[in-house]
Amino acid sequence: MLHFILKLQKKTASHKVYAACIAIILLCSQIGFAQIAEPASGENKSNSVPLYEFLELDFDIPEVEKRALGGDVNAQLQIGWYYEVQGVAPEDYLPNREKAFYWFNMAANHGSQEAKNQIRWNDEIKQLEGQALSGDIQAQCKLGESYFGRGMAFQQIKVNKQRGLYWYRQAGNQGYIPAMLELGFLYHHALDRKKAIYWFEKAAEKGSVSGQYGLGEVLVRGDREYGTEPPPEDISRGMAWLHKAADSGNIYAQHSLGYIYDDGKLVHRDTAEALKWLSLASKDAKLSFEINQLCTQKIKEISASMSKAELKEFKRRYSEWLVTHKHNREETYIFFLE
């Protein structure tokens, strides 16, 4: 399960925009994410298998239109939503608004509240799409969020993951970090390691601590998540990125390092180092109750088997880190990859 936290500590305008775009997102397991294909050579259009999740669209259009013209409100809504989510053609990323609202208006005239609600939202949705088409990265990210069913302000947009990915990529290709993080997370959940690395690395290289954590976590992941063991060079790179994020105060990277050093499978087991990172991660309990609980339990297990010399070494490293990194705190906590 993937848990998400948004904690803004510095209320600058840029961070408010960041927080507004990322928002509190729902668990992707509830959305039922399927395999995603990234366009080749940085292209924005995708020829991947459609990821639509909406109404039943496999129906006899002429027959339903006949019933709709005869006054069947449900048929009018069915045709309206068909054009709303299907667009002019399957490869299109924008709905066929003209035809959709012809049928919504007809259903509204027959008293359909659903149709009336959709008409009421039309102007705002069109305005957002217009901004996105003009290159507005925040509008693009908002559309991506909405098409994944997470848009609080645009609840009348039906879930359409292909369009959501398209708009996230539009913003990500313009260098917008929140979109890059979303794409990294989505591809991670889809078990597409290559594309998750691609987007997390783009964010990490732009200085995103959350991107550094995401990249490090995906690089060191192996058999359980992706069906393959990570190559040694990926483990080395991943540990370097996790350390970078952890040194910047990311509690999830600190938590991950604690478990890695205790486990001893990816690196030589070091209980003092494991206890240091777990203790640092559990320090800010208010940031994540679950992380605090996990770390507290693990700390008890590890410390119970440590010698006095090992405990002394842990205290030395812990105190030294606090002195040398006392001003290093990540400003925005985004997600925990579990």
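How far apart should the ends of helix 17 (residues 308–324) be at 1.5 Å a residue, and how far apart are its end C-alpha atoms? This is a predicted model, where local features need pLDDT of at least 70, side-chain atom pairs count only at pLDDT 80 or more, and totals for chains, interfaces and linings use all residues. Residues are numbered from 1 along each chain as its sequence is written, and side-chain values use heavy atoms, with hydrogens and water left out.

**View 1. Helix 17, end to end and face by face.** Its 17 residues should span 24 Å (1.5 Å times one less than the number of residues), and the end C-alpha atoms are indeed 24 Å apart. F314, R317, Y318 and W321 are the buried ones (under 20% relative accessible area, 1.4 Å probe, protein chains only). Looking down the axis, these buried residues fall within an arc of 100 degrees, so they line one face of the helix. Over on the other side, K308, A309, K312, K315, V323 and T324 are exposed (over 50%). The cover over the buried residues includes helix 13 (232–247), helix 14 (251–263) and helix 15 (271–283).

**View 2. K298 in helix 16 (residues 289–304).** K298 counts as buried because its relative accessibility is 16%. Leaving out residues up to four places away in sequence, K298 touches Y259, D262 and L278 (heavy atoms within 4.5 Å).

**View 3. Helix 11 (residues 209–220) against helix 13.** Their axes, lines fitted to C-alpha atoms over the stretch in contact, come within 7 Å and cross at roughly 150 degrees. The two helices are therefore roughly antiparallel (over 145 degrees). Residues that meet here include Y213 and L219 from helix 11, and W241 and L242 from helix 13.

How values were computed: Helix = DSSP H or I, 4+ residues; strand = E, 2+ residues; numbered from the N terminus. Arc of directions from axis to C-beta. Axes fitted to C-alpha atoms, helices over the stretch in contact; angles between N-to-C directions. Parallel < 35°, antiparallel > 145°, perpendicular 65-115°, else oblique.
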